[in-house]
Every structure is written in C-alpha cells, then in structure tokens.
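Biologist: Please give me a close look at a single part of this model. I would like to know what it packs against and what lies around it.

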Amino acid sequence: MEKMKLKMLYADLKSDIDVIEQELEIAVGSSSHFLNEASLHLLKAGGKRIRPVFVLLAAKFGQYDIQKIKHVAVPLELIHMGSLVHDDVIDNSEMRRGRPTVKAQFNNRIAMYNGDFIFAKALEHMTYIEDAEAHHVLSKTMVEICIGEILQIEDKRTLDQNLRDYFRRIKRKTAILIASSCRLGAIASGADKRTAWHLERFGYYVGMSFQIIDDILDFTSTDKKLGKPAGSDLMQGNVTLPALYARDDAVIRPLMEKALDGSMIETERQEMLRLMRKSDAMKRAKHVSDLYLEKALREIDALPDLKVKKSLRDIALYMGKRKF
C-alpha cells in the first residue's frame with residue numbers, strides 16, 4: 001500500500017520508469033547462469049526505485065531526454081542493488097523485501113561476485129555519458145559508499161559510540177547516493193551549476209531523513225511489513241539512532257546487548273520492541289529526521305520555479321513521513 005502511494009506521486013513519470021526497468025533488466029543480463037539468475041532474483045524483488053526517480057526529476061531542470069538520462073538513472077540503481085547484495089553477506093541476512101536474499105538463495109561467494117558484477121555493469125552503463133564531471137561524481141560516490149561499509153563494520157556491536165559516528169555512517173551508506181542521483185540528473189540534462197548544487201543538497205538532506213525513518217521503522221513496524229524480523233538492525237550488530245537514544249535506559253540496554261551478542265531469544269525480542277516503541281527514543285529520532293526534512297524543503301525553495309518542484313516536495317514529505 002505504501003509503495004503504491006509513492007508510485008502515485010510520480011505517476012506522470014511511469015513511462016520513463018518503465019524504460020528504466022527495461023534497461024535494468026538488460027544491464028544485469030549475463031551469459032553466466034549463476035550471475036544472471038542471482039541478478040534477476042534481486043531485480044524481481046522490486047524496490048521503490050527512489051534513486052532513478054530523483055535522477056529523472058532533477059533532469060527536469062535542464063534539457064530532459066529520457067534516452068540520455070536513463071544512462072545515469074540505471075547506474076545509480078545498479079550501485080544501490082550491488083551494495084544491498086554485499087550488505088546481506090556482511091550482515092548474514094536471510095530475507096530482504098520479503099524474499100530470500102541472494103546469499104541465502106545461492107551462497108556467499110556467488111553473492112559477492114554478483115555484487116561486484118552489478119557494480120561493474122553500473123560503470124559500463126555510465127560510459128554512454130561523456131561528461132567528465134559525471135564520472136567524477138559517480139566514482140567519488142562509490143568510494144564513499146565503500147568507506148561507509150567499512151565504518152559500519154568498525155562500529156558493529158558497539159553501543160558506546162557517539163552520534164557523530166552514526167551520522168557519518170548513514171551519510172556514506174545512504175544519503176550520498178541520493179544526493180548524487182539529484183546532482184547527476186542535473187548534470188546529464190545540462191542544468192546550471194547553482195541548480196545542481198541545490199539539488200545535491202536537497203538529495204543529501206532527504207537521504208539523511210529517509211535513513212533515520214528506516215531505522216525507526218526497524219523497531220516500530222511489523223515483521224510482515226518489513227519482510228524481515230523487526231529489530232534486525234541490532235541483531236545484525238548495527239547500532240542505529242533509536243538505539244543510541246535508548247542505550248541509557250536500564251531496562252532496555254540489557255536487551256539490546258543480547259541482540260548485539262546474538263543471545264537474544266524470541267520473547268526477549270518482543271519485549272525489546274515493546275519497550276523501544278514506548279520509549280522517547282523514537283520521538284527523539286523522528287525529531288532529527290524532521291530537521292533534515294525541513295532543510296531539504298528549504299533547498300527546494302531555492303530552485304527555479306518549475307512545476308517539478310511540487311513533485312520533489314511531495315516525494316520528500318512522503319519519505320520523511322512514511323510508515324513502511
């Protein structure tokens with residue numbers, strides 16, 4: 001239902017999104033049975049396609065041509081897909097979007113090579129864009145994502161970390177790819193540099209808000225809606241903003257420690273979720289997300305007065321207020 005609401009917000013882009021979907025399927029094609037099956041397995045699991053949507057919307061501020069813009073939108077979604085495959089290996093995740101992960105369906109070795117293959121396909125697809133700045137932005141983005149993954153490994157299972165560590169992590173793991181989607185859409189369409197700068201900042205702030213909401217939903221949503229057990233972030237060793245705000249609670253902390261060391265049983269998981277949902281940690285985390293969302297909306301105000309601004313605003317509000 002929530003995904004349908006999102007799609008309604010960019011319904012006027014449907015034909016162009018269909019082009020992106022077709023290009024994605026072509027891009028992940030391979031003569032290798034294992035690579036082909038693994039890539040299509042992830043692709044068919046679906047997704048919100050938020051990054052391609054932001055590429056397309058940002059491109060509306062320049063000379064919009066889907067046959068050119070698709071060569072930016074596809075690589076950004078591929079990078080996102082490849083990072084998910086690697087994430088699931090690192091976190092030993094069995095489920096994603098309600099379906100077995102690539103590593104669960106096949107094995108770790110195939111999953112790692114599959115992720116590498118998808119990254120390579122992203123770079124290959126980007127060669128259709130001749131602008132050197134676009135390639136610089138994409139390569140820097142991939143470097144930052146990799147650093148974000150390493151930082152997450154360094155910070156795993158550590159409750160006593162500071163908030164700066166968390167924000168630094170989600171900037172690199174999530175926000176930078178959305179920011180780059182907006183900037184690259186502007187670059188590919190020839191939008192002016194000031195507009196590209198505001199779009200990039202908009203994407204960064206939206207990305208930060210989006211990830212914090214994701215981390216809140218990991219505690220407040222249901223197993224069914226998440227497509228995996230609620231509280232999975234902690235059980236995989238990833239300490240998020242709600243957990244950082246709740247860690248000083250004398251009742252909740254021992255349960256979080258059990259989640260982090262892998263000794264948590266089902267009744268304890270349910271109790272941890274109940275207590276977290278009642279705590280003020282959720283409100284505090286939501287307040288931070290709202291602050292980022294407000295900054296994103298201010299960046300929209302600074303953009304040229306075009307009809308597409310309403311779509312950017314509507315999608316930003318959806319991402320910052322969503323329940324799934």
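Modeller: Let us take helix H5. H5 and helix H9 (residues 163-189) pack at an angle of about 165°, and their axes are 8 Å apart. H5 is therefore roughly antiparallel to H9 (an angle over 145 degrees; under 35 is roughly parallel, 65 to 115 roughly perpendicular, and the rest oblique). The pair makes a right-handed crossing (the near helix is turned clockwise from the far one by less than a right angle; anticlockwise would be left-handed). On the H5 side, the contact uses Lys68, Ile69, Val72, Leu76, Ile79, His80 and Asp87. H9 brings Lys173, Leu177, Ser180, Ser181, Leu184, Gly185, Ala188 and Ser189. Contact here means heavy atoms within 4.5 Å. By class, this contact has 7 nonpolar, 5 polar and 3 charged residues (nonpolar is Ala, Val, Leu, Ile, Met, Phe, Trp, Tyr, Cys and Pro; charged is Asp, Glu, Lys and Arg; the others, Gly among them, are polar).

A word on the ground rules. This is a predicted model, where local features need pLDDT of at least 70 and side-chain atom pairs count only at pLDDT 80 or more, while totals for chains, interfaces and linings use all residues. Residues are numbered from 1 along each chain as its sequence is written, and side-chain values use heavy atoms, with hydrogens and water left out. Helices (H or I, at least four residues) and strands (E, at least two) are DSSP runs numbered from the N terminus. Axes are lines fitted to C-alpha atoms, for helices over the stretch in contact, with angles from 0 to 180 degrees between N-to-C directions.

Now H8. The axes of H5 (residues 66-90) and H8 (residues 132-154) come within 12 Å and cross at roughly 15°. That makes H5 roughly parallel to H8. This crossing is right-handed. H5 meets H8 through Leu76, Ile79, Ser83, Asp87 and Ile90. The H8 side consists of Leu138, Met142, Ile145, Glu149 and Ile153. By class, the H5 contact with H8 has 7 nonpolar, 1 polar and 2 charged residues. Leu76, Ile79 and Asp87 serve at H8 and also at H9.

Next is H2. Its axis and that of H5 come within 9 Å and cross at roughly 60°. The two helices are therefore oblique to each other. Their crossing is right-handed. From H2 come Asp16, Val19, Ile20, Glu23, Leu24 and Ala27. They meet Ile66, Lys70, Ala73, Val74, Glu77 and Leu78 of H5. This contact has 8 nonpolar, no polar and 4 charged residues.

H3 also touches H5. Helix H3 (residues 33-44) has 12 residues and reaches 16 Å from its first C-alpha to its last. That is close to the 16 Å expected at 1.5 Å a residue, the expected span being 1.5 Å times one less than the number of residues. In H3, Leu35, Ala38, Ser39, His41, Leu42 and Leu43 are buried (under 20% relative accessible area; exposed is over 50%, partly exposed in between; 1.4 Å probe, protein chains only). These buried residues pack against H5, helix H2 (14-27), strand S2 (99-100), helix H6 (102-105) and helix H7 (108-126).

H6 holds glutamine 105. Its relative accessibility is 42%, so glutamine 105 counts as partly exposed. Leaving aside neighbours within four places in sequence, glutamine 105 is in contact with His41 and Pro100. His41 is one of the buried residues of H3.

Now the loops. H3 is followed by glycine 46, whose phi is positive, near 85°. Arginine 49 sits in the loop between H3 and helix H4 (50-59). Its phi is near 55°, a positive value in a residue other than glycine. Arginine 49 is buried, with a relative accessible area of 6%. After H5, asparagine 92 lies in the loop between H5 and strand S1 (95-96). Asparagine 92 is not a glycine, yet its phi is positive, about 55°.
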